Amino acid sequence: MKRGEVFVGSYSRKVLQQTGDGHYSPIAGYHVKKDMVLILDVARFKYPPHWADVDNLYDAMCTKDPKTE
């Protein structure tokens with residue numbers, strides 16, 4: 001990514017073992033050795049910034065919403 005660009009993930013919270021389902025949050029960092037991303041959850045009262053495995057986040061981003069299929 002270039003300086004000034006922002007990456008926002010749209011994902012299913014259920015896949016990440018959280019309450020709720022469809023959600024958007026900015027992705028703030030990447031840990032190369034652990035292959036994890038830092039999610040700055042916009043609902044910080046519920047979930048503070050946390051690390052997520054890239055494969056798990058990918059799976060969470062690939063879910064389909066049956067209401068919009």
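Leaving out neighbours within four places in sequence, Ser25 is in contact with quite a list of residues: Phe7, Val8, Gly9, Tyr11, Ile39, Leu40, Asp41 and Val42. The model here is a predicted one, and Ser25 makes a handy way into it. This serine sits in strand β2. Its relative accessible area comes out at 0%, so Ser25 counts as buried, the cut-off for that label being under 20%. Ser25 also has a polar partner, as its side chain is joined to that of His23 by a polar contact of 3.1 Å.

Two of the residues that Ser25 touches, Tyr11 and Ile39, turn up again in the largest nonpolar core. That core has eight residues, with Leu16, Ile27, Val37, Ala52, Leu57 and Ala60 making up the rest of the set. Strand β3 (36-39) and helix α1 (54-61) are the elements that give two or more residues to it. Ile27, one of the core residues, shows how some of these pieces meet. Setting aside residues up to four places away in sequence, Ile27 touches Val37, Ile39 and Leu57, and also Phe7, Gly9 and Leu38.

Now for the charged side chains. In general, side chains of opposite charge can pair when their charged atoms come close. A search of the whole structure turns up one salt bridge. In it, the side chains of Arg13 and Asp41 meet, with 2.9 Å from N to O. Arg13 belongs to the loop between β1 (8-12) and β2 (22-31), while Asp41 belongs to the loop between β3 and β4 (50-53), so the pair ties together parts that lie 28 residues apart in sequence. Both Arg13 and Asp41 are buried. Asp41 is also among the contacts of Ser25.

The surface has its own features. Val6, Val8 and Tyr24 form a nonpolar patch there, and together they have about 340 Å² of accessible area. Val6 comes from the segment before β1. With a relative accessible area of 64%, Val6 is exposed, given that the label calls for over 50%. Val8, another member of the patch, is also in contact with the buried Ser25.

Towards the other end of the chain, Lys64 is found in the segment after α1. Lys64 is exposed too, with a relative accessible area of 65%. The C-alpha atoms of Lys64 and Asp41 are separated by 21 Å, the two residues being 23 residues apart along the chain.

Conventions: Residues numbered from 1 in each chain as written. Predicted model: local features only at pLDDT ≥ 70, side-chain atom pairs only at ≥ 80, totals over all residues. Heavy atoms only, no water. Core = buried A, V, L, I, M, F, W, Y, C linked by side-chain atoms within 4.5 Å. Buried < 20%, exposed > 50% of the residue type's maximum accessible area, 1.4 Å probe, protein only. Helix = DSSP H or I, 4+ residues; strand = E, 2+ residues; numbered from the N terminus. Contact = heavy atoms within 4.5 Å. Salt bridge = Lys/Arg side-chain N within 4 Å of Asp/Glu carboxyl O. Patch = residues over 30% accessible without salt bridge, like charges linked within 9 Å, V, L, I, M, F, W, Y side chains within 5 Å. Areas by Shrake-Rupley, 256 points an atom, 1.4 Å probe, with all protein chains shown as cover. Polar contact = N/O pair within 3.5 Å; in protein donor to acceptor, adjacent residues only side chain to side chain.
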